[in-house]
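Reader: Hi, I'm new to this one and would like to go through it slowly. Could you show it to me before we start?

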Amino acid sequence: MCHKNTNGRFFLENNNWLREIKQCFDEINEDENCRAVIISGEGKMFTAGIDLSDFIVTAQKVAEKDDVARKAKVFHKIIETYQSSMTSLELCKKPILAAIHSACIGGGVDLITAADIRYCTKDAWFQVKEVEVGLAADVGTLQRLPKVIGSDSLARELCYTARKMNADEALTCGLVSRVFGSYSELIEGALNVAEDIAKKSPVAVQTTKANLIYSRDHTVQEGLDHIKLWNQLNLQSEDLTQAAMGIMTKDENIKFSKL
Ligand SMILES: CCC/C=C/C=C/C(=O)SCCNC(=O)CCNC(=O)[C@H](O)C(C)(C)COP(=O)(O)OP(=O)(O)OC[C@H]1O[C@@H](n2cnc3c(N)ncnc32)[C@H](O)[C@@H]1OP(=O)(O)O
């Protein structure tokens, strides 16, 4: 179950994480007290990916149906549900930082490539393992990884071979933008950046996220037209006046209203 503790942290504990992540991000999206999000793993590793035993049970249940169209319908629903979980990170208006330690395998790569910012520890490693499991990745990695790292060749190599990529290479290719020495330094570093983002105008930050994602998938002109529409509204926001006044008066403690 996806549940939230008193510090506002969500926990995804069991093999339903691929479904429940959407529930978390839909809730976070509506939470006006939240301005930035950190996804991290507790325990030995960030994630081992999909729970293979759970997946085998599902596949066996589907195999019991005797018609190909009925079997396909079940998988259609599962894939659609998991895809919408990953996409919920992009649809969430708040910037999402993935803080990755140790292994990030399979579905973990689908997840982090939908995040805004990725940091890891020096012992982290990444593996697009799906081909080794006999699958073509189907919940985001094939679509997002080439754009995230900007190298179609490297993305194909990683996806076809399922080889492990270590933190140094992840930094060099742009999968992550910072590497930390330890888990505690990683979390501290991610929290510092999240706090920095949280101090900024939520109008400006959330509009920036929406437009970065829109522009990634559209032409430059379409992106320019899109931000024009957003900003014809946002230039009227009190946040702009407050932020500009803050700069002119050298006041670094401007507090922006919730959004
Ligand atoms: C519609 C589908 C959409 C989603 C698709 C997603 C696809 C994927 O995620 S593909 C990738 C799936 N994951 C894997 O293949 C990971 C396999 N596991 C490993 O590589 C290693 O176990 C790992 C590096 C995670 C840990 O290695 P370590 O030596 O530290 O521990 P182990 O002794 O190997 O494992 C400990 C126990 O955990 C079990 N286990 C590990 N991973 C999984 C998993 N993904 N699903 C289920 N169980 C897993 C492992 O069998 C050991 O169990 P036990 O023997 O009972 O102690």
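Author: Let us begin with the ligand, keeping in mind that this is a predicted model: α3 gives the most to the shell around the ligand, contributing 3 residues.

Reader: And which residues come nearest to the ligand?

Author: The shell holds 18 residues, and those that come nearest to the ligand are A48, G49, I50, L52 and G106. Two or more residues each are given to this shell by α2 (52-63), α3 (68-91) and β5 (103-105).

Reader: How many of the shell residues are nonpolar, polar and charged?

Author: Sorted by class, the shell around the ligand is made up of 10 nonpolar residues, together with 4 polar and 4 charged ones.

Reader: Switching to the backbone, what is phi of S102?

Author: S102 has a phi near 55 degrees, which is a positive value in a residue other than glycine. As for its place in the chain, S102 sits in the loop that runs between β4 (96-100) and β5.

Reader: Okay, and why does S102 count as partly exposed?

Author: S102 is partly exposed because 18 other C-beta atoms lie within 10 Å, while a buried residue would need 20 or more and an exposed one 12 or fewer.

Reader: Now to A162, where is that?

Author: A162 is found in the loop between α6 (152-161) and β8 (165-166). Although A162 is not a glycine, its phi is positive, at about 60 degrees.

Reader: Is A162 buried, exposed or partly exposed, then?

Author: A162 counts as partly exposed, since it has 16 C-beta neighbours inside 10 Å.

Technical notes: Residues are numbered from 1 along each chain as its sequence is written. This is a predicted model: local features need pLDDT of at least 70, side-chain atom pairs count only at pLDDT 80 or more; totals for chains, interfaces and linings use all residues. A residue is near a molecule or strand if its C-beta atom, placed from the backbone, lies within 6 Å of it. Helices (H or I, at least four residues) and strands (E, at least two) are DSSP runs, numbered from the N terminus. Ala, Val, Leu, Ile, Met, Phe, Trp, Tyr, Cys and Pro count as nonpolar, Asp, Glu, Lys and Arg as charged, and the others, Gly among them, as polar.
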